Amino acid sequence: MKKKNSWLNENIKRIAWLDHYTKPEKMEGAIKLDSNENFALDRDFVAGVAAEAAKQVDLREYPLGQMDELYALLAKYAGVSVECVALGSGSDQIIELLLSTLGGRHATVLSPTFSYFINRCKLHGIKVYQVPLEPDFTLDKKAFVKAAKRSDLIYICSPNNPTGNQLDRREMIEVVDSLEDRLVLIDEAYVDFADYSLSGEAIKRNNVIVLRTLSKAFGLAGARVGYIVSNRKFVKIFRSIIQSPYPISTLSLAIASGILADVDQVKQTIKSVRLERERVFARLAKIDGIKIFRSDANFIFIEAGENYHAISKILNSNGIVVKLLGNITNHKGCMRITIGTREMNDQYLKCIEQII
Ligand SMILES: Cc1ncc(COP(=O)(O)O)c(C=O)c1O
């Protein structure tokens, strides 16, 4: 009896010890700058699209044509052909599927990076090599490629969460090209705020998958819609075999299509977030006692050092929630703060300026 259960017990024991993602607590009325959502996108606009979608769909039916409609809109937005796009229930679910089918035994990532990916690799029993970024968050290409060549899967977050920066485009392509026989997953969750995407490169190669989402720039974190851009052959296999038949609700599909049909409104907010990013950066740069880093995303990475606790405390007492990261490698007292609306940003800037 004891012997029969040992495999199960051992596995549950192993899983119970793993790191896990802790969902932020819901704080009524808080200024929420911890999850990189897009609050510059008007809430009423999103609510209007959702209400219209709710009127159109028939929830008694499985989602059929709605997926095709969304493929077409996403392909147009990403500038690729419709056969190169596939969908998932948020990019989280796509990561899960890729790890369970093509994860292999070893993965290489940069450090720090999106911790969810590392946690999920460990859950799937995939060993993760973490190659540290340089102190200014640029790439140590030699070390990265060396580790990557010993692994089956390579994950690069571009722009990187939590540091915010994109690596040099040419360097990225050199890395991808040196790993032709391995799966390279490029997570572009924040690419809408950045200067370049590798979607156009992914469709030409047989080993590159670009992962994108409508949770950030498109203001649809609650709808759970993610997508991939890759070569036609892989996309066909992903759509028909790897992905389940109905991963996204009809309502979420219709909402996503509704937002994409009015993509100019989203693009307008992306522009305003980028301008705010510059303004916030310039204000923070004037504050002695904190260090900030260039961002290509809709958040800024701050190294607060010995001011970490004082800043955390004042933000907390003013109902401002940011992502507190603590010490990361040689960076002390780190936090990641979403670029919100001008009003939201002013509130936390005032707090930080007040105490340092
Ligand atoms: C880098 C990165 N990838 C993926 C995700 C997951 O996004 P989704 O909401 O599409 O699951 C996030 C969310 O924070 C993220 O930061």
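What follows is a short chat about how the two domains of this predicted model meet.

Colleague: Where do I start: which residues make up domain 1 and domain 2?

Modeller: Start with the bounds, then look at the spacing. Here domain 1 takes in 20-42 plus 264-355, while domain 2 covers 53-261. Their C-alpha centres sit 25 Å apart.

Colleague: How many residues of each domain are in contact?

Modeller: Count both sides, since a contact list has two. Domain 1 brings 26 residues to the contact and domain 2 brings 25.

Colleague: And the area? How much do domain 1 and domain 2 bury between them?

Modeller: Read the total along with the kind of atom behind it. In this model the two domains bury about 2100 Å² between them, and carbon and sulfur atoms account for 62% of that.

Colleague: Which residues form the salt bridge?

Modeller: The rule finds one salt bridge across the interface of domain 1 and domain 2. As for salt-bridge partners, Asp 195 pairs with Arg 274, with 2.8 Å between the closest N and O atoms. Polar contacts are a separate tally: 14 residue pairs across the interface, both residues at pLDDT 80 or more.

Colleague: Which elements give two or more residues to the domain 1 side?

Modeller: Go through the helices and strands in turn. You'll find helix H11 (263-285) and strands S10 (299-303), S11 (320-328) and S12 (331-338). H11 provides the largest share of that side, seven residues.

Colleague: What is the mix of nonpolar, polar and charged residues there?

Modeller: Sort the residues of domain 1 that touch domain 2 by class: 11 are nonpolar, eight polar and seven charged.

How values were computed. Residues numbered from 1 in each chain as written. Predicted model: local features only at pLDDT ≥ 70, side-chain atom pairs only at ≥ 80, totals over all residues. Heavy atoms only, no water. Domains from an automatic or database assignment. Contact = heavy atoms within 4.5 Å. Buried area = accessible area lost by both parts, 1.4 Å probe. Salt bridge = Lys/Arg side-chain N within 4 Å of Asp/Glu carboxyl O. Polar contact = N/O pair within 3.5 Å; in protein donor to acceptor, adjacent residues only side chain to side chain. Helix = DSSP H or I, 4+ residues; strand = E, 2+ residues; numbered from the N terminus. Nonpolar A, V, L, I, M, F, W, Y, C, P; charged D, E, K, R; others polar.
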